[in-house]
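Work through the exercises below with the sequence and the coordinates open side by side. Each one sets a task and then gives a solution in steps.

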Amino acid sequence: MTRPDNEAVGRADGPHRRRPTVYQVAELAGVSIATVSRALRADEPVAPETRRRVLAAARTLNWWPSRAAQTLAGEKHDAVAIIMPDLAGPYYAQVVAGFESEVVGRDSVVMVMATHGRAASERLARDLASRIDGLVVMGESVPEPTLHEMVAQVPVVLLARPALPAVTTVVCENVQAAETLTRHLFDHGRRRLRFVGDPEGTPDVRERWTGFVRAHTDAGVPLLAGPAECERLEAESGYRAGLEILRDPEVDAVFCANDELASGVYRAAAEVGRTVPGDLAVTGWDDVTLAAHLSPRLTTVRQPMRELGAAAARLLFDQIGGARTPPTVQLDTEVVIRASCGCHG
């Protein structure tokens, strides 16, 4: 019996290599193709060990059911979802708005899930994946093993997260912009800089810290200290970090991982008698509305937050339609010079 290659869609390791099929998944897992189909549906009664073997085989082969096969099987849900670590603040709101803008008019509804670090998030994410046609996962809101399981069930696009094999990722450029902004502070004669943000918290902040460090290395300027870590990327965390690092009167610049942190540092600086930008330069990241209304106006890095969500949605619908999508899509960022660094702006 001839086994048609169009029953499954996988990712080839090379341009001439044949795509894996459902038959290969079944053979590797030691089950029938009917069991493979049932194991990939969360609501089907399949033994846990059997489901584990099928998902492991699917991950190994980088295989998931084709959109056409799922539609013929009556599994189209007319719904897509985005999973995010949080919903607070203008950054996440803009990303969701961009995502939703691309879904309008496609006869599909949007589901939004924020994990907030909850213990039940993995279970909820698995359940969500069984009820939608495609999924965008932002940041590290879903652990990698769970993410692999979802990739075996539905088309997935990652957003602002390190790349995974055979999964399309949408990111903004961070490292070069952070280097450029740090060098700009050096050009103002600042040499005792502190970084506010937790590089272990999100991939974006990790890349901004990398650029900050590289600029120091290239300029031969010693790092004053490690990052002043913050529990959350919000003004109150920036305020607390600012009070701590400004105990050192020689700190002359603060590079913040986002604009909300920078607004908190402004408050801390005023409280301890430091002037911005007189004896303390402050920079942010994102260029949210707040940045242009702080006094002095905040030097920052503009990233296309709405376009992040919109691009992820377009790529997701491409996959749902059966198209192959690139491994990584990177959007540009832009340093926005205002007054808080010492420029006139």
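The exercises go from the whole chain to a helix pair, then to aromatic rings, and end with backbone details in loops.

**Exercise 1. The whole chain**

Describe the protein by its secondary structure, its burial and the sequence range of its contacts.

Solution. The model is a predicted one. Begin with the secondary structure, where the protein has twelve helices and 13 strands. Next take burial: of the 345 residues of the protein, 52% count as buried, the cut-off being a relative accessible area under 20%. Finally, consider the contacts with a separation of 6 or more, of which 68% are between residues 24 or more positions apart.

**Exercise 2. A pair of helices**

Determine how α10 and α11 are oriented towards each other, and classify the residues that form their contact.

Solution. Step one is the geometry: helix α10, residues 235-245, packs against helix α11, residues 259-271, at an angle of about 45°, and their axes are 6 Å apart. Step two is the class of this angle, for which the cut-offs are needed: angles under 35 degrees count as roughly parallel, and those from 65 to 115 as roughly perpendicular. The two helices α10 and α11 are therefore oblique to each other. Step three is the handedness, and the crossing of α10 and α11 is right-handed.

Step four lists the contact, to which α10 contributes A235, E236, S237, G238, Y239, G242 and L243, while α11 contributes E260, L261, S263, G264, V265, R267, A268 and E271. Sorted by type, the residues of this contact between α10 and α11 are six nonpolar, five polar and four charged.

Which residues of α10 are buried, and what covers them? The buried residues are S237, G238, Y239, A241, G242 and I245, and their cover includes strand β8 (193-196), strand β9 (253-256) and helix α11.

**Exercise 3. Aromatic rings**

Characterise the ring pairs in which F255 takes part with F195 and with W285, and place them in the sequence.

Solution. A pair of aromatic rings is described by the distance of the centres and the angle of the planes, and with centres within 6.5 Å as the criterion, the count comes to seven aromatic pairs. One of these is formed by F195 and F255, a stacked pair with 5.4 Å from centre to centre and 20° between the planes. This pair links distant parts of the chain, since F195 belongs to strand β8 and F255 to strand β9, 60 residues apart. Both F195 and F255 are buried.

The second pair to examine joins F255 and W285, whose rings are tilted, with 6.2 Å from centre to centre and 40° between the planes. F255 lies in strand β9 and W285 in the loop between β10 (281-283) and β11 (300-302), so this pair ties together parts that are 30 residues apart in sequence. The relative accessible area of F255 is 0%, and F255 is thus buried; W285, at 0% relative accessibility, likewise counts as buried. To complete the picture, ring pairs link F195, W209, F212, F255 and W285 into a cluster.

**Exercise 4. Backbone details in loops**

Locate the cis peptide bonds before P277 and P296 and the positive phi values of D107 and D287, and decide for each of the two aspartates whether the residue is buried or exposed.

Solution. As background, most residues other than glycine have a negative phi, and most peptide bonds are trans. Turning to the cis bonds, V276 and P277 are joined by one with omega of about 5°, and P277 sits in the loop between α11 and β10. Another cis peptide bond joins S295 and P296, with omega of about 0°, and P296 is placed in the loop between β10 and β11.

For the aspartates, phi of D107 is near 55°, a positive value, and this residue is found in the loop between α5 (90-103) and β4 (109-114). D107 counts as exposed because its relative accessibility is 70%, the cut-off being over 50%. Phi of D287 is near 60°, also a positive value, and D287 is in the loop between β10 and β11. In contrast to D107, D287 counts as buried, because its relative accessibility is 14%.

How values were computed: Residues numbered from 1 in each chain as written. Predicted model: local features only at pLDDT ≥ 70, side-chain atom pairs only at ≥ 80, totals over all residues. Heavy atoms only, no water. Axes fitted to C-alpha atoms, helices over the stretch in contact; angles between N-to-C directions. Helix = DSSP H or I, 4+ residues; strand = E, 2+ residues; numbered from the N terminus. Parallel < 35°, antiparallel > 145°, perpendicular 65-115°, else oblique. Left-handed = near helix turned anticlockwise from the far one by under 90°. Contact = heavy atoms within 4.5 Å. Nonpolar A, V, L, I, M, F, W, Y, C, P; charged D, E, K, R; others polar. Buried < 20%, exposed > 50% of the residue type's maximum accessible area, 1.4 Å probe, protein only. Phe/Tyr/Trp six-rings, centres within 6.5 Å; stacked < 30°, edge-to-face > 60°.
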